Each structure stands twice: as C-alpha cells, then as structure tokens.
Amino acid sequence: TPGSSPRNLLDMDTFSKSDPVVVLFVQVSGSSEWKEFGRTEVIDNTLNPDFVRKFVLDYYFEEKQNLRFDVAFFGAQDFLGQAFVALGEVIGSQRGRLERPLTGVPGKRCGTILLLAEELSNCRDIVTMQLCANKLDKKDFFGKSDPFLVFYRSNEDGTFTICHKTEVVKNTLNPVWQPFTIPVRALCNGDYDRTVKIDVYDWDRDGSHDFIGEFATSYRELSRAQSQFTVYEVLNPRKKCKKKKYVNSGTVTLLSFSVESEFTFVDYIRGGTQLNFTVAIDFTASNGLPSQPTSLHYASPYQLSAYALALKAVGEIIQDYDSDKLFPAYGFGAKVPPDGKISHQFPLNNNVENPSCAGIEGVLESYLQSLRTVQLYGPTNFAPVINQVAGTAAQVTDGSQYHVLLIITDGVISDMMQTKEAIVTASSLPMSIIIVGVGPAEFEAMEELDGDEVRLSSRGRYAERDIVQFVPFRDYVDDSGNQVLSMARLAKDVLAEIPEQLLSYMKTRDIKPRRADPE
C-alpha cells in the first residue's frame, strides 16, 4: 500500500498556499495506456502535504508494475508535477521509502514526492493442529474403520471448498492423526467466524469412501483449544433421521492448536535482503555466426536478438531489488583473445578483476562488444559459471544477500553430470538459477535440471530445494507481434518461483527478516 507525501510543491495559488491532491495511475500491462487507480484526499493550503489515504495494490514480484503519481491543484487545472516509478522500486528501496523529484512543468523545480510502501499483513498466520477421535462408527465388514478427516472452508455463496485432508489411520475406531499445518487464509479466508466444516470418512481402496459423520466449527472456536481440549460430536444426519436413539457417530477431540506468523518475501526485502543478479550467455558455435541473420545472436537495426530480449525482460525487473545496480556478466563456450583459449566464464566487459556491468544497459553493451571480439566455439558447459556464483553466494549466508543467476543458452548441454553436481551443491546456498532456452533445440536436459517433476540428484545426493526454473524462449514469441507483452509474460514465468525459493532458503536456515529501522 503506497502512501505519498509531496514536498516543496510549486505555489500556484496567488492568495494562499496550494490545495494539492495526488492521483495515482497504473499502466496497463504490455501497453502504453494509463488508467486512473485512485486519488488521495485534498489537503488545504499547504506545499508539504502528508496524505492519509492509502492505495491498496496487488503486488507481483515477477511483473513490472509501472505507476504514475500526478500532483495537481484541486479545483483548477493547475498541474504541479508527476513522478513515474515501478512498484518494485518502492518495495526494493530502503525501508520501503522512495523519494522522487516531481517533473513535468518546463523550467520549474516542482518539489519531490515521498512514497511509502508496506505490506498488508492480512492473514499470514499458519496454524498447526492435531486431532484424535473416539468410538467412531465401524464401517468395515471384517476389520474396524480406516478413518481420515476432510476440512472445508465455507465460501461467500454458502458453498464449501476442500482445504485439507488428513492421512488415513488404518483399522481403528480411536485414531490419532499426525499434527498438520495450514495457512489461516486457506482455512477461513481470514474471516475468524466463518464456518469450517469437517467430514469424517472411512477409507476404501476403491475410492468409494464411506461417510461416518461431520461437525462444524470456526477458526475462533478452534483457537480456544490453545487453553483447553475441545471435543466435537460427529453426527451423521441420515442416521439421526432414521434412528430415535441415535446419539452420535463418535467424537473428535482437538488435542493441540498453535499459530505462527509466516514471513513473506516483502518482509525480507524490507529488512534489507539484496538480490544480486548475475548473467551468463551462451557463446557456442551452434548459435550461428552473429553476423548472419540466421544466428540466434543476430541483432538487426530494428530488432534485438533473442538473447538481448530475454536478458532485458528478466533483468529490468530484478534490478529494482539490487541497490548498486552492478551486475556481473559472463560468457561461456568461446575462444577468447588474445590467445584464443576456450573459456566457460569470461567476463563480458573483459575485466577479470571486476566483471560487473552498470545496469542492464551496461550488460547489453558488454554482450554486443563481446560478440565482436570472441570466437564462438564450444562445448556448452554450465558448471563453471554455476560454481562461480555459488562460490560468491557461499561467502554470505546470513540472509542479507540472495543471488539469481540467469543463463541464456541454445541448449544442448555438454557437461550434464558436472552441472547436476553443481546445482545440487548450490541448492543449499542462497541462490536461484533461471535458464532461458533460445532457438529450436529440444530442451529435455533443461527440463530435468528444472526439477519440478523429479527432485534433481547427483551421485545419490538430492537437491536440498528446487532452485532451477527453465523456460523455452520460443513459447513467448507471439504472432500478434506485441513484443512488450510477450516479454512481460516470459519474465513473469521465470521469476514467479524466486520469492518462494528465497523463502524456502530462509526457512530451512531459520533466518528471520531484519526489522526495518523505525521511522
């Protein structure tokens, strides 16, 4: 929720100070169109207003969310200035505070605008609970029942959505289920008094599970179990109608209930965690001669190459979270001057001591320069550059630094064994790897590295967490020719997993976000 406080505004009111208002516009994704999102209140007679009204926006790390703040003098058409900013820049700035100069009135200094962003902590809590049951109805002919519980949250329209299933406890009428965790959001959508319905079933191998009974509760009622056991009667409505002497189909007891707050990606960014972005580009001969239009590295005067487009799409979002905007950039698979040695991690800026480029533009410049000076060769080895970034990541593991390595390649990998080993080692470090595959190759090896289906392993060691995200560039070249939109889709898909990957690292290391300094 960005708030805003312009400072030292232009005085447009001859008789008194100005009466300013801020109007927020949001850019429509993939177009140049701006839509009004909302307005602050008007504050009378001041050039240093502090606005109270907040704008509540949905924030997506993986998208470039462009905002425009127009400051105007209320009641007249006097325009006092404007500021353009990406939401990620505000969140990525120190303590979520960003000051920007207001521009737009030629020849005049328009003052500044101070933007503050904070995350709404609506329901980040996670509940851990354990239940057991007593004297459930016997449903199986030969043995006892095999009970399990199904939890449903109620929706606004009175329907129910399944939100959790316990494991099955075999052959007992008095089961004790394992403790389980569930976000409060999933359990009741943040509404503590909303009905939570729980069904008790007897498991059957063929999937036609027998209904034992049900009971209803709410988050508020469940939370009382922090101080006492809560016992629920399990009722079967059909039995209740049929049998006069029916009491219940057993009872379920809530044994324990505890709540913990879950930290979010924004908590770590606000606490000072920096994302360090490194780029590695494939300079192997299979890409084709850069001077030929058929080459994947070919850039015409009108069109960037697939490599440059992918680099720009991903880099322009990540750079908002990197305070120094200096990005190490490497090439691999080329013969490098002066002696023509094959290298798998040569700095694109030709500076071994300091391979960092200034901004994404600096990386693009160095990439185009390298294309003119190195000889594309082979093989396609990923391991050296992964190990290089892993070495840097291993130096600071306290959660203040997190590394994202972008590898852009035409695909056919030569050192698969070494790469798998490198990724498994890197999976215990504060880093993630994004691979964008360009060109027409089959990318089966990349899918294996991605590890979404099967956890990656090397020589019997499994990756501690999934840190690789792979996408083929060709899936994002759309026929309509709207390159801005298709590149936004590419960035969205490759970056979507980064917040979760960062959180999984912090969680396994029990690293809590640093508190942002008080104002």
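Reader: How many aromatic pairs does the structure hold, and what makes two rings a pair?

Author: The structure, which is a predicted model, holds 16 aromatic pairs; rings of Phe, Tyr and Trp (its six-membered ring) pair if their centres lie within 6.5 Å, and planes under 30 degrees apart count as stacked, over 60 as edge-to-face and the rest as tilted. In this model local features need pLDDT of at least 70 and side-chain atom pairs count only at pLDDT 80 or more, while totals for chains, interfaces and linings use all residues. Residues are numbered from 1 along each chain as its sequence is written, and side-chain values use heavy atoms, with hydrogens and water left out.

Reader: Why is the pair of Phe148 and Tyr201 called stacked?

Author: The ring centres of Phe148 and Tyr201 are 5.7 Å apart, within 6.5 Å, and their planes stand at 20 degrees, under 30, so the pair is stacked. This pair links distant parts of the chain, with Phe148 in strand β9 (residues 147–154) and Tyr201 in strand β12 (residues 195–202), 53 residues apart; strands here are DSSP runs (E, at least two residues), as helices are (H or I, at least four), numbered from the N terminus.

Reader: What kind of pair do Phe215 and Tyr232 form, and how do you know that Phe215 is buried or exposed?

Author: Phe215 and Tyr232 form a stacked pair, 4.8 Å centre to centre with 20 degrees between the planes. Buried means under 20% relative accessible area, exposed over 50% and partly exposed in between (1.4 Å probe, protein chains only), and Phe215 has 6%, so Phe215 is buried. Tyr232 also counts as buried, at 6% relative accessibility.

Reader: What makes you say that the charged end of Arg68 sits over the ring of Phe25?

Author: A charge sits over a ring if NZ of Lys or CZ of Arg is within 6 Å of the ring centre and within 35 degrees of the ring normal. The charged end of Arg68 sits over the ring of Phe25, 4.0 Å from its centre, and that of Lys197 sits over the ring of Tyr152 at 4.8 Å.

Reader: Why is the largest nonpolar core said to lie between two domains?

Author: The largest nonpolar core (buried Ala, Val, Leu, Ile, Met, Phe, Trp, Tyr and Cys residues joined through side-chain atoms within 4.5 Å) has 79 residues, and helix α6 (residues 306–318) gives the most to this core, with 10 residues. Domain 1 (2–117) and domain 3 (266–509) both give residues, so the core lies between them; the domain bounds come from an automatic or database assignment.
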